[in-house]
Structures are given as structure tokens and as C-alpha cells.
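Colleague: Hey, I'm new to this one. Could you walk me through it?

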Amino acid sequence: MRKFTKEELAHCDGKDGRQAYVAYGGKVYNVSDSLLWKGGDHQASHTAGQDLTDALEEAPHNSELLEEFPVMGILQED
Amino acid sequence: MAKVTREMVERSGVNVDQLVELLVKNAAAELTTYYYYTILRCNLIGLDGETIKEIAETARIEDRNHFEALVPRIYELDGRLPRDMKEFHDISACPPAYLPEETQDVNALLKVLVKAERCAVRGYTHICNLTAGKDHRTYDLSLSILHEEIEHESWFSEFLGEGPSGHFLRRGATSPFVSKFLR
């Protein structure tokens, strides 16, 4: 499985036709096909290309929703 | 625009531009859901479908009411609706509640309905969390909508066999919580 650095993940921000990837719990998910991540923006609160592990604690949904999306790899630890 | 209204919300620490964007996205979700629920309701036929038709209709009308109630708050906060309705559709906070391929499959229709309501419950919970103790009017509005969305979710969930809702369908007028914003 591909390993992503934070820089590589940051590049997948969903802008200008790029893929929209987000990380959670060490996994990198491809959310490009989700209407709720259009243009890399999610509910005016989050942007793609980031590790949202901490942010999900505050979100009005759990990680089950992320499991609908394909896993593209794992996020390398610093 | 209500200048001092916006100023007060800004001074409370709320990111007003973010809030307005969320309100517009949720207004889009309400109006598009009203449209998609029209199609779903029309297809709720037969013994099983007719059983659900009344609550689907109530949810449909209340979602339209939510749209109507959200719009003034958007403009008060110096927001605006997109000029192009196609754009408005595509920025919705929730995915389209499309009629399933198998239009006679009432269970599939129910799953579409409950998924839409759950998206709405999440959205208004988020807005309530952002505005609680800060933007009292938006909080009151969002909480009122949330009360109704939770009831919609519970109605449909009950029909899917997920457990008792503890609710009964509306007795009389629609939007018991949001109606104060529609006067």
C-alpha cells in the first residue's frame, strides 16, 4: 500500500482538477467522487489534503462515513 | 443586510462568512430535497408505499419551510443566494435524494429518505455547535429545524425496522418548531 507524506497528501487538495484525499486514523481516503467534497471543500469547514483525525472528533458524524470511500494508502508518521 | 446583527455575530467569535456559506448550502439542501421528495412521494404507492406517503409529504413540506426560514437569515448576515439555480443545486450540503432504480422497492425509497434526513441532522447539529451561545438567532433557527429533521429521521427509521421512534405523525399543522420563523 502506498505511503503518503504530509506534503504528498497536501497536494491532493481537490483544487484545479486535482484529486481530493483526506487522512483519518493513519489511512488516506479518496473523497473526490463525493458531492460533499466538491472542489476539496467540505461543509465550509474542512479542506482536502489534510489529516482530519483530530477534526473528526468535533464533527457531527463518525468515521463510518469515511469507510464508504476507497483507501489509497497510509499516511507516514513524522 | 442587518449591519449591527452581523457585527454582533462577528464580535462573538463566529466566522460569519463560513456560517453564511453553511446556511446557503443547507438552504440548497432543503430546496433540492423538497424537489426530490416530490418524486419519491409520487412513487410511494401500493400498500407499503401508501403507508409512508403521509410522513414523506410532511417531511417534504417541512423541508420547503426550512428553506423559507433560512433565506432571511442568509440575507440578514449579508449573504445571498446564487443567481443560477443549477449552481445552487450543486452546492447543496447533502447529496441528491434520487429516486432508486427499483421504483417499486419501498425499502430502497425509505433508505433514501432516512439518509437525507441524517445528512440534515448532521448539518444542523454542526451549525448549532458553531453558533451556540454566540449567534442566538441563527442558533434558535437551526435548533428549530434540527427538531423537525430529527423527527423526520425517526419516522423513516422506524419504518426500516431500526426500532421505535417514540413519535407519531403530525397532528394538524406542519413545522411546529419552525413556524415561528415563517410568520
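Modeller: Sure, we can take the interface, then a sheet, then some helices. Keep in mind that this is a predicted model.

Colleague: OK, interface first. How many residues of chain A are in contact with chain B?

Modeller: Ten residues of chain A are in contact with 13 residues of chain B. The area buried between the two chains is about 1,000 Å², and carbon and sulfur atoms give 56% of that.

Colleague: Which residues in chain A lose the most area to chain B?

Modeller: Those are Gln43(A), Ala44(A) and Pro60(A). Together they account for 45% of what the chain A side buries.

Colleague: And how many salt bridges does the rule find across the interface?

Modeller: The rule finds two between chain A and chain B. Asp41(A) and Lys25(B) meet through their side chains in a salt bridge, at 3.7 Å from N to O.

Colleague: What about residue pairs in polar contact there?

Modeller: Four pairs turn up across the interface of chain A and chain B, with both residues at pLDDT 80 or more. As for classes, the side of chain A that touches chain B has five nonpolar, three polar and two charged residues.

Colleague: Switching topic: what is the strand order in the open sheet of chain A?

Modeller: The order is β1-β6-β3-β2, four strands with mixed pairing. β1 (3-4) and β2 (21-24) of chain A are the edge strands, and each pairs on one side only.

Colleague: Do β1(A) and β6(A) run parallel or antiparallel, and which residues pair up?

Modeller: β1(A) and β6(A), residues 71-75, run parallel and are joined by two bridges. Lys3(A) has Ile74(A) as its bridge partner, and Phe4(A) stands opposite Leu75(A).

Colleague: What sits on the other side of β6(A)?

Modeller: That would be β3(A), residues 27-30, which runs antiparallel to β6(A) and is joined to it by three bridges. Here Tyr29(A) stands opposite Val71(A), while Lys27(A) has Ile74(A) as its bridge partner.

Colleague: And how many bridges pair β2(A) with β3(A)?

Modeller: Four, in the antiparallel sense. Tyr21(A) of chain A stands opposite Asn30(A) in β3(A). The hairpin of β2(A) and β3(A) has two residues between the strands, and Gly25(A) in that hairpin takes a positive phi near 55°.

Colleague: Now the helices in chain B. What span should α5(B) have?

Modeller: Helix α5(B) covers residues 106-131, and its 26 residues at 1.5 Å a residue should span 38 Å. Its end C-alpha atoms are 38 Å apart, so the two agree.

Colleague: What happens at the start of α5(B), and just after it?

Modeller: At the start, a side-chain oxygen of Asp105(B) reaches to within 3.1 Å of the backbone nitrogen of Asn107(B). Just after the helix, Gly133(B) takes a positive phi of about 75°.

Colleague: How far apart are the end C-alpha atoms of α6(B)?

Modeller: They are 35 Å apart. The helix has 24 residues, 136-159, and should span 34 Å at 1.5 Å a residue, so that agrees as well.

Colleague: And which residue with a positive phi follows α6(B)?

Modeller: Gly161(B), with a phi near 80°.

Notes:
Residues are numbered from 1 along each chain as its sequence is written. Chains are lettered from A and ligands numbered from 1 in the order in which they are written. This is a predicted model: local features need pLDDT of at least 70, side-chain atom pairs count only at pLDDT 80 or more; totals for chains, interfaces and linings use all residues. Side-chain values use heavy atoms; hydrogens and water are left out. Contact means heavy atoms within 4.5 Å. Buried area is the accessible area (1.4 Å probe) that two parts lose on being put together, summed over both. A salt bridge is a side-chain nitrogen of Lys or Arg within 4 Å of a carboxyl oxygen of Asp or Glu. A polar contact is a pair of N or O atoms within 3.5 Å; within protein, one must be able to donate a hydrogen and the other to accept it, and residues adjacent in sequence count only if both atoms are side-chain atoms. Ala, Val, Leu, Ile, Met, Phe, Trp, Tyr, Cys and Pro count as nonpolar, Asp, Glu, Lys and Arg as charged, and the others, Gly among them, as polar. Two strands pair if DSSP finds at least two bridges between them. The expected span of a helix is 1.5 Å times one less than its number of residues.
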